[in-house]
Each structure stands twice: as structure tokens, then as C-alpha cells.
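Student: I am new to this structure and would like a close look at one part of it. Could you walk me through the sheet, strand by strand?

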Amino acid sequence: VANTTLSNIAGTTLDYVPPAAELNGRLIVTRSPVNAQVKGSASATDTTSTSVVAASGDAGLKTYITGVQVVNTGATTVLVSLQDGSGGTVLAYLIAPAGGGMVVSYETPIPTTANTALYFAAGGSTTTLYVSAQGYKAP
């Protein structure tokens, strides 16, 4: 392969690595290089936009969200919007059932605008709404 460099993230060259497999031949897959992974957690009790994953810190990098977990400790089901920045464009809606939660894995990652944090906002007040999200940063 003539060019084995895949991308540059924060000045680190990520080189091509051949596929790895288990003893039975099943491929071992990771969604992103370890040094490109991002995650965050936050909680809210009202409808204010709350940051859950910080901005990439680089004007050229977006955050690609691959998974979100929501826990609602309140007695009312709440609509949760994932936002591109504080009060920004809604990237996805989630339902947080009363006294329950949900887990979402995005096969096609949801990108934020470059160097923009991922926020969430509840559609109504609740006792406490907890949101965690994971993904990776890339151009």
C-alpha cells in the first residue's frame, strides 16, 4: 500500500494496522483509535441546554457520536434532544421513560459541527436526568 497514513489527530499520525481476528476467525473491530475517542456525562433537572461531550478543541475536527445512554429518575417520561452546541440544531431525539432509561448505539455516527460541543436538553423538568455519550473526533 503506497499511502498507509489514515489521518492526523492532534499531531499524531495514525498508521494503517492490518485486521485482527479471534481464534475462530471473527474480526475484532473498534470504531476508532483510542487517542481519538471522546466521552462525557452530565445531569440536569430542568430544560436548560447542558454540555455532555466537550468540543474537540481543534477547528478542523468534528465529534462523531456513536452511543448515548439516558437515565430519568423522575416520575414523568421526558423527551431529550441532542444538540449541536448550546441550543443548537437538534441532532436526534430520545425518549427517557419515567423511572427508567434507554441506550442508543448509532451504526452511522452523528456528527457535530467542527469544534462544537454536544449538548442535551430535556423537553420538561424532571427529578434528575443523566446523559452519557461516547464517540470519536475526526475531520
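Tutor: Happy to! Let us begin with one pair: S6 and S11 are joined by three bridges and run antiparallel. Here strands are DSSP runs of E with at least two residues, numbered from the N terminus, and two strands count as paired if DSSP finds at least two bridges between them. Within this pair, Thr50 has Phe120 in S11 as its bridge partner.

A word on the source: this is a predicted model, where local features need pLDDT of at least 70, side-chain atom pairs count only at pLDDT 80 or more, and totals for chains, interfaces and linings use all residues. Residues are numbered from 1 along each chain as its sequence is written, and side-chain values use heavy atoms, with hydrogens and water left out.

Phe120 in S11 is also the bridge partner of Leu82, and S8 and S11 are joined by five antiparallel bridges. On to the next pair: S8 (residues 78-84) is linked to S9 by six bridges, again antiparallel, with Leu82 opposite Ala92 in S9.

Together, the four strands make an open antiparallel sheet in the order S6-S11-S8-S9. Strands S6 (50-53) and S9 (90-96) are at the edges with a single partner strand each, so one side of each has no neighbour in the sheet.

Now look at S11 (residues 118-122): five of its five residues are buried, so the strand is largely enclosed by the rest of the structure. Buried means under 20% relative accessible area, exposed means over 50%, and partly exposed lies in between (1.4 Å probe, protein chains only). Leu118, Phe120 and Ala122 point one way from S11, while Tyr119 and Ala121 point the other way.

By contrast, Val90 in strand S9 is partly exposed, at 31% relative accessibility.
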